[in-house]
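Colleague: I am new to this structure and would be grateful for a close look at one part of its interior. Please take me through that part step by step.

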Amino acid sequence: MFTVQIVLFDGFDLLDAIAPYEVFCSASMHIDNALRVELVTAEGRRSVASGMNGLKIEANGTLDPGRQGIILVPGAAGEVEGDGPDSIPAILGRAMNTELTAMIRAALEHKNIIVATVCGGSLLLAMGGLLEGRTAVTHRLGMELLGATGAIPVPARVVDDGNLVTGGGVTSGLDVALYLVERELGPRIAHAVEQLFEYERRGTVWREQGIGIEPGNHHVLTDNEPNIVKNRAAGMTSSPVHKQNTEASLFAGNWDTTIATPVGKMEVKLCITTHNDIIEGTATQGDETITFLNPIFYNNKLTWSLAITKPMRLNLKFEVGADGDQMSGIAKAGLLPASKLTGKRIN
């Protein structure tokens, strides 16, 4: 028995889940019901409120990350702008902080299990650190955030990365499901479902096969490039660097800071040093200490990047200013709203 498990979580998007559910159920009718489609959660059988006016759907079981077949994770429905509790990043963050992340991680370790996502479902996985270095797609508004998690964003309707298949915007759930039906059950069955639905798939499925260009078509400065590259990008020349780094000594010291993110507050201790025109720093959250990437002082602001893993995996860009022993600024990842940072020098 080939099984499709469609994962529900509080705030999930209805169409992301129900469109693939109908495709797979229709495909089952063409193979004598040898395909079973289930609605599951990480917690087990329960009623799950969607993000569309709280409409509830009954999940009939617990996600089994070791069962051969397909596991499909939808995205969230919520506020597109802002960072309140009903925003899409906050909904995805709450789902990420359940047992779901560990279950999907276990499923991805099995080559005979396909993990599929629709829309923001890939962000849910990426925020949990599951897509680092893997090609994927999400809704166009989340592509920059997807890249900030360490995934490799590909601007395609459907991206096939082996045992990971991801889809773009909401309606791409039809395309993801039809593609998987063709890939796993054959084109005749996929064609039959297309005829029944009076729907034809859109776009070319991206796969890393053959001779071609790398994902993406533009160059972005990365955190691994030399500081001098970013200094030039910011309009800095070699002559004022010494003076500017000397002024950066105003940031030297240990700081207790708080970052107000969409998924909760982060308490972070910063240790910043300046010596021989070199700025260095570390950020400590709990038992994890991370080194600043490419700290730069410019226009009375100190900027750096951090590859954090808590409360989610993100590459954050920081920009802060100091007024005596008080620090204020922002931390930002992709198109997510900037999170406010406040801090106080402790020594």
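How many cavities of 30 Å³ or more does a search of the whole structure find? I should like the second largest cavity to be described with particular care, followed by some remarks on other local features.

Modeller: The model is a predicted one. A search of the whole structure finds two cavities of 30 Å³ or more. The second largest cavity, to which you refer, has a volume of about 100 Å³. Its lining is formed by 13 residues, and those closest to its centre are Val268, Ala283, Gln285, Leu306 and Ile308.

The lining may next be considered by strand. At least two of its residues are supplied by each of the following strands: S13 (253–261), S14 (264–275), S15 (278–285), S16 (288–291) and S18 (301–308). The largest share belongs to S14, which contributes three residues. In chemical character, the lining of the second largest cavity comprises ten nonpolar residues, two polar residues and one charged residue.

Strand S18, one of the contributors to this lining, also borders a loop that deserves attention. Between strand S17 (293–298) and S18 lies Asn299. Although Asn299 is not a glycine, its phi is positive, at about 55°. Most residues other than glycine have a negative phi. Asn299 counts as exposed, with a relative accessibility of 53%, because the limit for that class is over 50%.

A positive phi is also found at Asn53, where the value is near 60° and the residue is again not glycine. Asn53 is placed in the loop that joins strand S3 (46–49) to strand S4 (56–59). The relative accessible area of Asn53 is 84%, so this residue is exposed.

A helical part of the model completes the account. Helix H6 (residues 172–185) and helix H7 (residues 187–197) have axes that come within 6 Å and cross at roughly 150°. The two helices, H6 and H7, are therefore roughly antiparallel to each other, since angles over 145 degrees fall in that class. On the side of H6, the contact is made by Leu174, Leu178, Val181, Glu182 and Leu185, while H7 provides Pro187, Ile189, Ala190, Val193, Glu194 and Phe197. Of the residues in this contact between H6 and H7, nine are nonpolar, none is polar and two are charged.

Key
Residues numbered from 1 in each chain as written. Predicted model: local features only at pLDDT ≥ 70, side-chain atom pairs only at ≥ 80, totals over all residues. Heavy atoms only, no water. Axes fitted to C-alpha atoms, helices over the stretch in contact; angles between N-to-C directions. Helix = DSSP H or I, 4+ residues; strand = E, 2+ residues; numbered from the N terminus. Parallel < 35°, antiparallel > 145°, perpendicular 65-115°, else oblique. Contact = heavy atoms within 4.5 Å. Nonpolar A, V, L, I, M, F, W, Y, C, P; charged D, E, K, R; others polar. 1 Å grid on protein atoms, 1.4 Å probe; cavity = no way out; pocket = protein on both sides within 12 Å on 5 of 7 lines; lining within 4 Å. Points joined across faces, edges and corners; volume = space filled by probe spheres on them. Buried < 20%, exposed > 50% of the residue type's maximum accessible area, 1.4 Å probe, protein only.
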